[in-house]
Amino acid sequence: MHRTAVRTTTALLTAALTAALLGSAPAWGAPDESAPTGSAPATRPVEAFAEDGGISHAQAPTTSPFLAAQQQGVAPVPGDGDVTPLVHGGDPATKLDVVVIGDGYSAQEQEKFRTDAAEKWREMTAVEPYATYRGLFNVWAVSAVSPESGVTGDPDQATVRHTALGSYFWCDGVERLLCVDEKAVERYAAKAPQADLVLVVANSAKYGGAGYNDIKSPLGYEGIATVAGGNAKSGQIAVHETGHSLGKLADEYAYDGQGTYQGAEPAEANISTLTADRMRGQGTKWSRWLGQASPDGGTVGTYEGGGYYPAGLYRPTENSIMRSLGREFNLPGREAMIAGFYRHATPLTSPTATGSRLTAADRLTVDLPVPGTRLHWYLDGRELPRITGRTALDLAELKLTGPRSRPHLLTAVATDPTPAVADPALRSNLTASLSWLVTR
Ligand SMILES: [Zn+2]
């Protein structure tokens, strides 16, 4: 077993290196078909982001030739794998957990890593709907101690540095494409309490990054974004990538020469084969948003070109962040992002576990992480309008009656009333409730 595994790994690495060196990587759109069945592919399609905001595809080897030997289990490295909460909003079961892993930071540079990681989170949360919904997140910084400072390909193609995650520019021959070793990322991500979203921050001021859209980690995260820690524009790369991983959004850009789309209606919420009239008639996709002013500028309609095709597919607006970096999400994109946040996080939490037994002598508090959330209380199923919106209660206020042995069911129901989510099917995730048994 062991020998087979080693030989498979070597074969994969060789194939990846050969593809990278010869520039003979298969066309983007599918993992490398030559990979042995049941194992990881040798390469996978990733997005590359030009400094002018343009987006393209390339093929990234899943392993890196620049991985440091000391991270391969030879000896423990002090501080390696340490986890620091950058933003700690609450129990990982109730929050969307972002794991930020540093690469190319030496033992002496771990504080710099945490500063860079916090700055990336600041860049991401400057964009809506992150700005409004930041209370739904935990952010964990995982230290990866690299023997060398900086990463391969910075400042030039001849520069080689061996690092904890093996990050390197010039991936697949693209200078701004910053690839990483997927298994190393997973090893470090596993050190955080939970990973819903993974961001790799490289110790570099050179613009670059990558979007690994089709990762499905056994840890639960979907997708990896890599960004340059010292480059202020690179945070946009992570925001675009989460449009795929959290929002399940399609790309709204097209390639010349891709022709006319002939396939079935795509699953994603932000591309469609339908023109505005037909979409309105069928009440599907972004029909609820048609004609409305969009945060990325202009009016929501059906703009031809998207999902990589210049014709036959339509996008909701002229130029959202799913088409070019440095832009806002459009209305359908924003709706999908908020819905995605609520797939991982809840609008209502409490330090007192749901189902707990309490008495009239207890005090109960709840938290509403999103501004504007509405809170209603119910006792044995009947609403208590007097305490609507209250997040702290002395349970004596309930003036419970009846036998001391009889518990009453106290329920808090929170709903985010945001008009940014219009689809009733998605709105159902914007409500949460907690209940406690209270005796007098
Ligand atoms: Zn994309």
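**Group meeting: the zinc site and the nonpolar cores**

Hi everyone. Let's start with two residues, His 240 and Asp 251: both of them are buried. Please keep in mind that this is a predicted model.

So what are these two doing in my opening? Both appear among the protein donors of the zinc ion. The full set is Glu 47, listed twice through OE, then His 240 and His 244, each through NE2, and Asp 251 through OD. These donors lie 2.0 to 2.1 Å from the zinc ion. If you like to read sites along the chain, the spacing of the donor residues is E-x192-H-x3-H-x6-D. His 240 sits in helix α5, residues 235–245, while Asp 251 belongs to the loop between α5 and α6 (276–282), so this pair ties together parts that are 11 residues apart in sequence.

Now, on to the nonpolar cores. Which residues touch the most other members of the largest one? Tyr 130 and Phe 341 do, in a core of 45 residues. Several elements give two or more residues to this core, including strands β4 (96–103) and β5 (137–142), and helices α2 (110–124) and α5. The most comes from α7, with 5 residues. At the domain level, the core takes at least three residues from each of domain 1 (10–245) and domain 2 (357–439).

Let's zoom in on Phe 341. Setting aside neighbours within four places in sequence, its contacts are Leu 96, Pro 129, Tyr 130, Tyr 133, Leu 136, Phe 137 and Leu 246.

Finally, there is a second, separate core of 31 residues, and among its members are Ala 58, Cys 179, Tyr 188 and Tyr 221. Thanks for listening!

How values were computed: Residues numbered from 1 in each chain as written. Predicted model: local features only at pLDDT ≥ 70, side-chain atom pairs only at ≥ 80, totals over all residues. Heavy atoms only, no water. Donors = N, O, S within 2.8 Å, 3.2 Å for Na, K, Ca; no water. Helix = DSSP H or I, 4+ residues; strand = E, 2+ residues; numbered from the N terminus. Buried < 20%, exposed > 50% of the residue type's maximum accessible area, 1.4 Å probe, protein only. Core = buried A, V, L, I, M, F, W, Y, C linked by side-chain atoms within 4.5 Å. Domains from an automatic or database assignment. Contact = heavy atoms within 4.5 Å.
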